[in-house]
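Colleague: Could you take me through the charged side chains here, one pair at a time? I am new to this, so please explain the terms as you go.

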Amino acid sequence: GGEEVLLSVMHQHGIHNDRDLYDLYHGHRSDNIDLKQILIHTFEQKCGAEIYDKLVTYLTKPNNKNVTDHIDLKVSHIEGVKPEWKRFHNTNEASQAHALRRSEPSGSRRSVRFFPVRMKVKWVLKRLMKNDDAYPFNEPVPQTVPGYYERIKHPMDMGTMNEKNERGEYEEWKQFDQDFKLMIVNCKEFNKPGSDIVKMCIRLHEYCKQIVIKYDKTMNERKNLK
């Protein structure tokens, strides 16, 4: 079927999941293969180009609507293009994927959850950084602040978190959550209790909890509608 052909093409060119696709799209590989032309050659012009466009959309335009099901082409000669990093729909496919994961080298940067996490972090940060209490936390604390970097050994801010997310460093939600909490702890440690900036960081933390709950609820509702 179409799924098997697409997976086979991807695997032949070293693309086993979304991390591999991300590296290829952003030119982080030395072989510089032209995935679009490969897909067009395999699936013919119209369908191959459509598949490629879907993959590009998946990588470059994360939003609520495509967190879980980014790629699902329904054309006459392909029955639902659903690459490996999506949910499997039968035991045979799941078994094949399990065998593939076991064959990957230990320590390789693989994570089928990479993009859902990246998109969640992006969604949350976008809203946090626009909050009225966010401006002191959107960029690193200036080096000119007396004593800050002597007392705070592991500084963190939301601008840095955003850069880490864009580089793909958050492969699990808890990694982002730890950085955000580190930022809050640093603020409370350096500043006087009850000061305006401490109050701001507390309100920002509460707001973060609220929008994370909202995001998770929205995603769960979307899943239940399918």
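How many salt bridges does the count come to?

Modeller: Happy to help! This is a predicted model, where local features need pLDDT of at least 70 and side-chain atom pairs count only at pLDDT 80 or more, while totals for chains, interfaces and linings use all residues. Residues are numbered from 1 along each chain as its sequence is written, and side-chain values use heavy atoms, with hydrogens and water left out.

A salt bridge is a side-chain nitrogen of Lys or Arg within 4 Å of a carboxyl oxygen of Asp or Glu. By this rule, the count comes to nine salt bridges.

Let's start with Asp177 and Lys181, whose closest N and O atoms are 3.0 Å apart. Both lie in helix 9 (residues 173-190), four residues apart, about one turn of the helix. (Helices are DSSP runs of H or I, at least four residues, numbered from the N terminus.) Asp177 is partly exposed at 24% relative accessibility, and Lys181 is partly exposed at 40%. Here, buried means under 20% relative accessible area, exposed over 50%, and partly exposed in between, using a 1.4 Å probe and protein chains only.

Next, Glu172 pairs with Lys174 in a salt bridge, with 3.6 Å between the closest N and O atoms. Glu172 is partly exposed, at 34%.

In helix 10 (residues 196-225), Glu206 and Lys209 sit three residues apart, about one helical turn. Their salt bridge has its closest N and O atoms 3.2 Å apart. Glu206 is partly exposed at 38%, and Lys209 is partly exposed at 41%. Elsewhere, salt bridges with shared partners join Arg118, Lys122 and Glu166 into one network.

Terms used
Helix = DSSP H or I, 4+ residues; strand = E, 2+ residues; numbered from the N terminus.
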